[in-house]
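Here is an informal walk through one model, taking in a pair of acidic side chains, the pockets and the core. Have the structure open while you read.

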Amino acid sequence: MTSTVDVTVLADLLRRAAKAEILPRFRRLGQHDVRAKSEATDLVTEADEQAERMIKAEVAQLWPGALFLGEESVAADPDLLGSLEHADLAIVVDPVDGTFNFASGIPAFGVMASVISGGETVAGIIYDPMGDDWVMAEKGGGAWLRRPDGGAERLSVAAPVGLEHMVGMASTGYLPKEKRAEVLGNLAKVRFLTNYRCAAHEYRTFAGGHVHYLMYNKLMPWDHLAGTLISQEAGAYAARFDGSAYLPHHLDGGLLIAPDKTSWDVLRREVFTV
């Protein structure tokens, strides 16, 4: 499926960009190195922009026929987002996922990339600069934790449990205002709710079998394509709120991920009643 993109090369590129442009700036950002975009908590830093610039330049050399779609590139030119649906081959990148954490000095951020071929996600990579390892998947090949020394560990989602025992993560801030209070009330039915403000680490935690659900409403491709594929390759059931498949060009409709279809149905009926 990814014969035109060597995912190990792409994974190494994310690591090199993190070491060159992201980690040297962690807890060293100056006053003018951080700016707000759409709101006070939607930030961009010099690390985001410089890492994306490096990744974009190397992608253009390695895979010149591929559409490059980066979060900061789209922030500068929103029309780029519409190109994804019709691209034969695309590489989608989030140079720093969890920018709010990064800018706050919290070591919970990641670098993500996905490969889109023929309208579907065929590879996903989430690199953790602090832990120096990747969670990654190619369609049909399972989900893996891989380390720079060549070590690898296959990932599997948690075993299903009853609703009252479920622990998970939900990003409720982007739910419709009239539904947010209802969903937050419904979440009293589960055992525990948390949120890392970093989809990269939330997907890694889920695919590693440590939590039972993920829920998102705002669907930017750089935030969710890699993690959804990795979750599915680790055995998860993922769908939009209406039960339809989540595809690369989808920007709305919500996303709910659970260990299996039965758990998904229970969460959708009892908790995420949007």
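## Two glutamates, two pockets and a core

Let's start with a side-chain pair: the side chain of E71 makes a polar contact with the side chain of K37, at 3.5 Å. Keep in mind that this is a predicted model.

So where does E71 sit? Look in helix α3, which covers residues 71-76. Is E71 buried or exposed? E71 has a relative accessibility of 15%, and because buried means under 20%, E71 counts as buried. Leaving aside residues up to four places away in sequence, E71 touches K37, E52, V93, D94, P95 and W222.

Now compare another glutamate, E49, which is found in helix α2 (residues 46-62). E49 has a relative accessible area of 22%, so E49 is partly exposed. What does E49 touch, not counting residues up to four places away in sequence? The answer is R35 and V44. With R35 there is also a polar contact, side chain to side chain, at 2.4 Å. As for how the two glutamates relate, E49 and E71 are 22 residues apart in sequence, and their C-alpha atoms are 9.3 Å apart in space.

On to the pockets. The table puts the two side by side.

| Pocket | Volume | Nonpolar lining | Polar lining | Charged lining |
|---|---|---|---|---|
| Largest pocket | about 850 Å³ | 11 residues | 10 residues | 10 residues |
| Second largest pocket | about 160 Å³ | 5 residues | 4 residues | 2 residues |

About 850 Å³ of space lies in the largest pocket. Its lining takes in 31 residues, and the closest to the pocket centre are D42, Y174, R197, K218 and D223. Which elements supply at least two residues each to this lining? They are α3, β4 (89-97), α4 (99-104), α6 and α7 (221-233). Helix α3, then, is both the home of E71 and a contributor to the lining of the largest pocket.

The second largest pocket has a volume of about 160 Å³. Its lining is made up of E120, T121, K139, H224, L225, T228, L229, Q232, Y246, L247 and P248. Two elements give two or more residues here, β6 (120-128) and α7. Of the elements, α7 gives the most, with 5 residues.

Finally, the inside of the protein. The largest nonpolar core has 39 residues, and L84, Y203 and I257 touch the most other members. Helix α6 (residues 199-207) gives the most to this core, with 5 residues. Apart from it lies another core, this one of 33 residues, with A17, A51, I55 and M136 among them.

How many residues of α6 are buried? The count is 9 of 9, so α6 is mostly covered, buried being under 20% relative accessible area. The buried set includes charged names such as E202 and R204, along with A199, H201 and F206. Just past the helix, α6 is followed by G209, whose phi is positive, near 85°.

Y203, one of the buried residues of α6, touches I126, L214, Y216, D223, H224, G227, T228, S231, L255 and I257, not counting residues up to four places away in sequence. That list ties back to the pockets: D223 is among the residues closest to the centre of the largest pocket, while H224 and T228 help line the second largest pocket. I257, also on the list, is one of the core members that touch the most others.

Terms used
Residues numbered from 1 in each chain as written. Predicted model: local features only at pLDDT ≥ 70, side-chain atom pairs only at ≥ 80, totals over all residues. Heavy atoms only, no water. Core = buried A, V, L, I, M, F, W, Y, C linked by side-chain atoms within 4.5 Å. Buried < 20%, exposed > 50% of the residue type's maximum accessible area, 1.4 Å probe, protein only. Helix = DSSP H or I, 4+ residues; strand = E, 2+ residues; numbered from the N terminus. Contact = heavy atoms within 4.5 Å. Polar contact = N/O pair within 3.5 Å; in protein donor to acceptor, adjacent residues only side chain to side chain. 1 Å grid on protein atoms, 1.4 Å probe; cavity = no way out; pocket = protein on both sides within 12 Å on 5 of 7 lines; lining within 4 Å. Points joined across faces, edges and corners; volume = space filled by probe spheres on them.
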